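Visitor: I should like a close look at a single part of this protein, together with whatever surrounds it. Please explain each term as you reach it, since I am new to the subject.

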Amino acid sequence: MKIQERTGAGVGRSAAPAQPSVGDRLPTPPRERKPALAALAVLLILVGALGATMLVLQAGDRIEVVKVTAPIPAGGSVSKSNTTSVMVAKDDSIHYVEWTQLNDLKKLKAVNAIPAGVVAVGEMFGSEAGVDAGKATVGLSLKAGQYPTGIKQGDTVAAYRVSSATGSGNSNSSSSASSNSVIADSARVSYVPDPKDSGDEIVGSTNLAVTLTVDSDKAADLAQAASNGEVALVKVPGNSGN
């Protein structure tokens, strides 16, 4: 009986599945590489970066506009010598003057004095210039010799009455001296053609159109002398570089 029990017990133990040892595990198959998926991931990253860049550029859309580089007095105009182009963020609430509109802007006048360094906007210009209280603008047509070489917008000049009458004798000399007098000792040149715009040198022209801003009480005398061709301009202290 004991022999049978032992034999039966041994049979029961041998029927159980044998457990593999730790060193006998099957090797893990190598992970399959997928280069197509990696390339797709890189492409998606690039597309996302490009999209973000486009959104930033659209949010900060920039335009090329006119910037004033030299002071422009009331009644003055822009030119190539007193402007440059700059890039600014587009804003429909601000009436910027775009650089492509510079030629049209030259036909208008500054409503008030414009300092250097500001960006031009439409409200600064109009067909008629605003004149400060107590001031008046007078137009002159001058021949060579009646204005200083290199005269430009913004200059300070003195306007003299000059007589073409000549004669002999003390009485004629006295009359000529009395007629050669100062009409306005501190007038501002509010307009003069820019040689860079016209392509011609002012010095070589026979007639020069100049607009002066003077005290109101000097305007009548200056206009009368100008109509007779009896005005000469002289640069006086007060100009930049003098």
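Guide: What follows concentrates on α6 and then turns to its surroundings. The model is predicted, so local features are described only where pLDDT is at least 70 and side-chain atom pairs count only at pLDDT 80 or more, while totals for chains, interfaces and linings use all residues. Residues are numbered from 1 along each chain as its sequence is written, and side-chain values use heavy atoms, with hydrogens and water left out.

The protein has six helices and nine strands. These are DSSP runs numbered from the N terminus, a helix being H or I over at least four residues and a strand being E over at least two. Of the 242 residues, 26% are buried; the word means under 20% relative accessible area, whereas exposed means over 50% and partly exposed lies in between (1.4 Å probe, protein chains only). Among contacts with a separation of 6 or more, 71% join residues 24 or more positions apart, a contact being heavy atoms within 4.5 Å.

The helix α6 covers residues 216–227. Its twelve residues reach 17 Å from the first C-alpha to the last, which is close to the 16 Å expected at 1.5 Å a residue; the expected span is 1.5 Å times one less than the number of residues. Just after α6, glycine 229 adopts a positive phi of about 70 degrees.

Which residues of α6 are buried? They are Ala219, Leu222 and Ala225. These residues lie on the same side of α6 because they cover an arc of only 145 degrees around the axis, where the arc is that of the directions from the helix axis to the C-beta atoms. An α-helix has 3.6 residues a turn, so residues three or four places apart point the same way. On the other side of α6, Asp217, Ala220 and Ser227 are exposed.

The cover over the buried residues of α6 includes β5, β6, β7, β8 and β9. Leucine 222 illustrates this: leaving out residues up to four places away in sequence, it touches Val138, Leu140, Ala159, Ile183, Leu212, Val214 and Val231.

Leu222 also belongs to the largest nonpolar core, which has 22 residues; within it, Leu212, Leu222 and Leu233 touch the most other members. A nonpolar core is a set of buried Ala, Val, Leu, Ile, Met, Phe, Trp, Tyr and Cys residues joined through side-chain atoms within 4.5 Å. At least two residues of this core come from each of β5 (135–143), β6 (156–161), β7 (182–191), β8 (207–215), α6 and β9 (231–235). Apart from this core lies another, of eleven residues, including Val78, Leu102, Leu105 and Ala120. In soluble globular proteins, nonpolar side chains tend to be buried together.

Two of the covering strands also contribute to a pocket. A pocket is an open set of points on a 1 Å grid over the protein atoms alone, where a 1.4 Å probe fits and protein lies on both sides within 12 Å along at least five of seven lines; its lining residues have an atom within 4 Å of a point. The second largest pocket has 15 lining residues, with Ala74, Asp132, Lys135, Arg188 and Thr213 nearest its centre. β5 and β7 are the elements that give two or more residues to this lining, and β7 supplies the largest share, four residues.
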